[in-house]
Amino acid sequence: MPINYYIFLSLALFCIGVAGVLTRRNAIIIFMCVELMLNAVNLLLVAFSKMHQHALGAGNPNAGIDGQIFVFFIMVVAAAEVSVGLAIIVMMYRNTHSTDVNFLNRLKH
Amino acid sequence: MIQLVWLVPVLPLAGFLINGLFRNSLSKGMTGVVGCGVLLASFILSLLIFGEVRQESFQPVTVTLFDFISVDKLHIPFAFQVDQLSILFLLIITGVGFLIHLYSTAYMHEEEAPHFARYFAYLNLFVFSMLLLVLGANYVILFIGWEGVGLCSYLLIGYWFKNVDYTNAAKKAFIMNRIGDLGFLIAIFWMINQFGSVNFEEVFNAAPGTSTAALTGITLLLFVGATGKSAQIPLYTWLPGAMAGPTPVSALIHAATMVTAGIYMIARSNILYSLAPFTQHVVAIIGLATALLAATIALKQNDIKKVLAYSTVSQLGYMFLGLGVGAYTGAVFHVMTHAFFKALLFLGAGSVIHAMGGEQDIRKMGGLRKHISTTHWTFLIGCIAIAGIPPFSGFFSKDEILAGAFAKSPVYYAVGVFTALLTAFYMFRLYATTFLGKFRGTHDQEHHLHESPAAMTIPLIVLALLAAGAGFLGVPEVFAKNAHWLGHFLEPVFAQGAAAGHAAEGATSHEGLLMVISVVVAAIGVLYAGFRFSSKPDLAEPTGFGKVLANKWYVDELYNAIFVRPLYAISKFLNNFIERFIDWIVNGVGRLVQYGGRQLRLLQSGQVGGYVLLMVVGILALFLVELFVKK
Amino acid sequence: MRRHKAEEYVRRVIVTENKKKQINYTAQMGITQILFWVLSIMALISAILVVVSKNPVHSVLWLIVVFMAISGHYILMNAQFLAIVNLIVYAGAIMVLFLFVFMLMNLNADTEPQKNIWAKIAGVVAAGSLLLVFVAALKHADMKNQLAEMNKGDIGLIHNLGMALFQDYVVPFEISSVLFLSAMVGVVVIGKKD
């Protein structure tokens with residue numbers, strides 16, 4: 001599979017995620033779109049790891065494994081981040097009884 | 001002793017500094033001593049230098065103090081030139097100046113100590129500037145003094161600065177002076193361009209080889225400066241207004257010294273003027289016209305100082321007439337005698353005002369001769385001198401000018417004699433109305449009448465003696481051969497001018513006849529005015545032609561309409577349109593910044609979504625720049 | 001009439017021939033290719049639906065479909081471990097967390113706040129421009145003809161991944177456990193009612 005197919009697919013998913021972040025007002029949906037962006041990147045990393053294996057794999061059995069290790073760690077971090085983020089959103093909901101991002105405009109002051 | 005000539009102006013400068021800086025701590029006595037003392041010292045020093053100059057073998061000396069301006073090929077040193085002309089003026093200025101300083105200590109004694117000191121500081125500064133003017137060895141130093149006396153005139157006219165009319169008069173004087181100074185400055189620039197130098201020696205040596213057109217231009221411009229400083233047509237209207245200052249100021253500045261600066265300058269540049277006959281005609285005509293005009297106005301004035309002011313303008317016109325017809329010695333002689341009798345008249349008028357408790361209107365005076373006799377006799381001597389009755393000084397000097405005028409053109413002479421008649425007439429009108437007849441003032445004023453203190457009467461007596469006797473310094477050829485001491489003394493200064501131009505030499509036989517005519521005319525004026533006004537003073541309001549004269553031929557109103565109103569209109573126009581426009585632009589920039597700030601503030605909405613959008617847009621921009629713009 | 005039937009018969013034969021050819025073409029494409037395209041289209045459509053759905057619960061469900069598609073891609077590339085982990089962690093744990101939160105807040109399509117239309121257009125335009133810029137930049141990248149190894153390769157196997165993880169990357173691995181600990185502590189602290 002030519003690598004640029006994977007590149008374009010991953011880019012498309014990423015930009016759909018960006019569109020989601022910019023378009024939605026619900027904090028949790030925005031969070032989910034961030035997860036979507038992360039996953040697009042994961043896909044691309046795995047594709048590149050396979051590309052490296054294809055290019056270098058003849059002499060080196062572990063060529064390109066770094067990409068997949070990286071994806072592993074991204075997933076680790078994503079999990080931790082989701083838990084903390086949702087906790088914050090729940091706190092926000094408890095204070096304002098809404099998940100509307102526009103209510104969090106204290107940065108204005 | 002000549003090398004110490006720089007002390008002569010520096011001493012009054014020191015007096016100015018002492019009186020000016022310490023005016024809050026000096027007593028009035030000390031101020032008077034300092035102010036008069038420096039003048040006396042300068043006068044004595046001038047006498048000693050005069051002794052050296054008088055010797056037969058004397059050559060003009062230039063005492064250079066330091067290099068003032070040195071640019072490329074132009075060198076203007078701060079140098080003093082000691083020759084016969086400058087030493088003569090030096091004596092007049094320091095001598096008459098000292099007498100007036102002495103007079104002022106009594107006249108101004110009602111002022112408070114700081115203001116008293118301020119007065120003397122200004123007077124000393126004035127003397128310093130005037131000495132700089134006459135001692136300068138080049139036109140630039142002359143101009144420095146020229147400006148300085150203009151400044152001091154302004155300061156002294158507006159001495160009682162709390163009165164708006166006085167300060168307006170001071171402003172008028174200064175501004176009219178400055179208009180003349182512009183002409184003077186352009187002349188200096190032209191001189192630098194033409195001769196490459198402004199030193200008297202170099203300019204006068206190079207003059208014969210220069211084109212007449214250039215010389216005419218330069219001399220005309222110099223004369224414009226002189227009309228401003230010496231109150232000739234068209235820049236004379238400031239002088240009557242300058243009577244707002246204290247009377248000693250009027251005596252010193254506007255009679256004896258400052259107004260003669262123009263005469264000095266033209267006398268010094270006599271070679272330039274002799275080589276430019278057109279300018280000489282202009283000078284003579286303007287001088288004559290001014291003399292006539294001022295004399296007519298003086299006929300109908302009722303303020304004692306105003307009469308004397310117009311008389312000064314008229315006599316200055318005579319001096320310019322003398323310069324214009326080439327009678328340089330006569331003009332300088334008249335400067336000297338005029339300094340004596342006009343200062344005498346002004347100080348006498350000050351004494352009268354002092355006696356009348358501040359009253360200046362002659363219609364309210366009369367019969368004062370019984371009350372203030374010293375003032376009366378000295379004033380009478382001054383009047384006779386100015387009228388040109390022999391053997392007093394005015395006769396000799398005025399006659400020399402008229403003789404020169406006759407040599408140029410009989411018309412000049414005729415108008416000059418007519419003006420002499422008017423001079424005698426109005427002066428004796430003034431005398432008779434003030435001193436003869438019955439007292440017309442209030443009862444309180446009559447009780448107040450008393451003779452002035454010694455500090456005021458002594459200068460009057462000294463000046464009266466000088467006014468009476470100074471004429472014998474310039475006895476013309478008609479009476480005695482080689483008796484014209486002044487002419488002989490000033491001969492080296494005017495030699496170049498006399499050689500280059502056409503020396504005004506009236507035929508000796510005619511001169512006797514001319515003298516007789518002028519004496520008779522003057523006597524007629526004196527007697528008629530004396531008898532008419534002593535018995536029937538001119539108290540009624542003027543009508544018809546008299547009204548025109550009393551209103552000074554409406555010249556002030558004319559200037560107001562031609563110059564002042566259009567300037568105001570232009571100023572208002574510029575203010576309304578251009579000033580507001582510029583203000584609008586400047587304020588607009590401020591408003592723009594405020595508006596921009598307000599709009600930019602909206603970015604700080606606090607909305608996270610907005611921030612993320614901006615982030616994405618920023619990343620987009622960075623990518624575009626990095627990938628596609630930077631190839 | 002006979003001619004009509006004959007023309008019909010000829011037409012049918014040609015169509016069948018063409019179909020056979022098509023089936024031949026498809027057979028030449030290979031299963032991998034077909035699966036790639038199917039999974040890609042599934043991922044893209046589901047992603048768009050995530051963003052567009054009004055009901056937030058629907059968004060969660062579509063996101064799960066996206067994760068399934070991506071896991072499918074991983075399997076295609078023989079990254080088996082990652083495929084399973086993706087499904088378990090992402091689709092299993094994280095999305096369930098999201099659903100819990102939605103149920104807690106009782107959100108549905110009625111209470112969903114909407115941005116104004118201009119903001120939405122601005123967002124879509126910005127994202128679209130980003131995509132355009134990326135694509136334009138990467139069009140000229142010179143790795144176009146490199147291939148990603150499909151169906152083959154040992155590096156995705158759990159054995160090799162585990163060896164690499166515990167030999168070369170053991171320090172980050174341990175630190176990630178500390179990360180989890182701190183995340184847990186953080187969540188408890190944030191969620192405390194005081």
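By contact I mean heavy atoms within 4.5 Å. With that settled, two topics today: one residue in chain B, and then the largest pocket. Everything here comes from a predicted model.

The residue is H75(B). It sits in strand 2 of chain B, which covers residues 74-82. What does H75(B) contact, once neighbours within four places in sequence are left aside? The list is D67(B), I69(B), S70(B) and N199(B). With S70(B) there is also a polar contact, side chain to side chain, at 2.8 Å.

Along the chain, G196(B) is 121 residues away from H75(B), yet their C-alpha atoms are separated by 8.9 Å.

Is H75(B) buried or exposed? Neither label fits: its relative accessibility is 41%. Buried would need under 20% and exposed over 50%, so this residue counts as partly exposed.

Now the largest pocket. Its volume is about 1,400 Å³, and 48 residues line it. Nearest the centre are D165(B), N168(B), A169(B), G241(B) and A244(B).

Which helices supply at least two residues each to that lining? In chain B they are helix 3 (84-107), helix 6 (164-195), helix 9 (238-241), helix 14 (304-324), helix 15 (328-355) and helix 24 (555-601). Helix 6 of chain B gives the largest share, with nine residues.

As for the chemistry of the lining, 23 residues are nonpolar, 15 are polar and 10 are charged.

That is all I have on the strand residue and the pocket.

How values were computed: Residues numbered from 1 in each chain as written. Chains lettered and ligands numbered in written order. Predicted model: local features only at pLDDT ≥ 70, side-chain atom pairs only at ≥ 80, totals over all residues. Heavy atoms only, no water. Helix = DSSP H or I, 4+ residues; strand = E, 2+ residues; numbered from the N terminus. Buried < 20%, exposed > 50% of the residue type's maximum accessible area, 1.4 Å probe, protein only. Polar contact = N/O pair within 3.5 Å; in protein donor to acceptor, adjacent residues only side chain to side chain. 1 Å grid on protein atoms, 1.4 Å probe; cavity = no way out; pocket = protein on both sides within 12 Å on 5 of 7 lines; lining within 4 Å. Points joined across faces, edges and corners; volume = space filled by probe spheres on them. Nonpolar A, V, L, I, M, F, W, Y, C, P; charged D, E, K, R; others polar.
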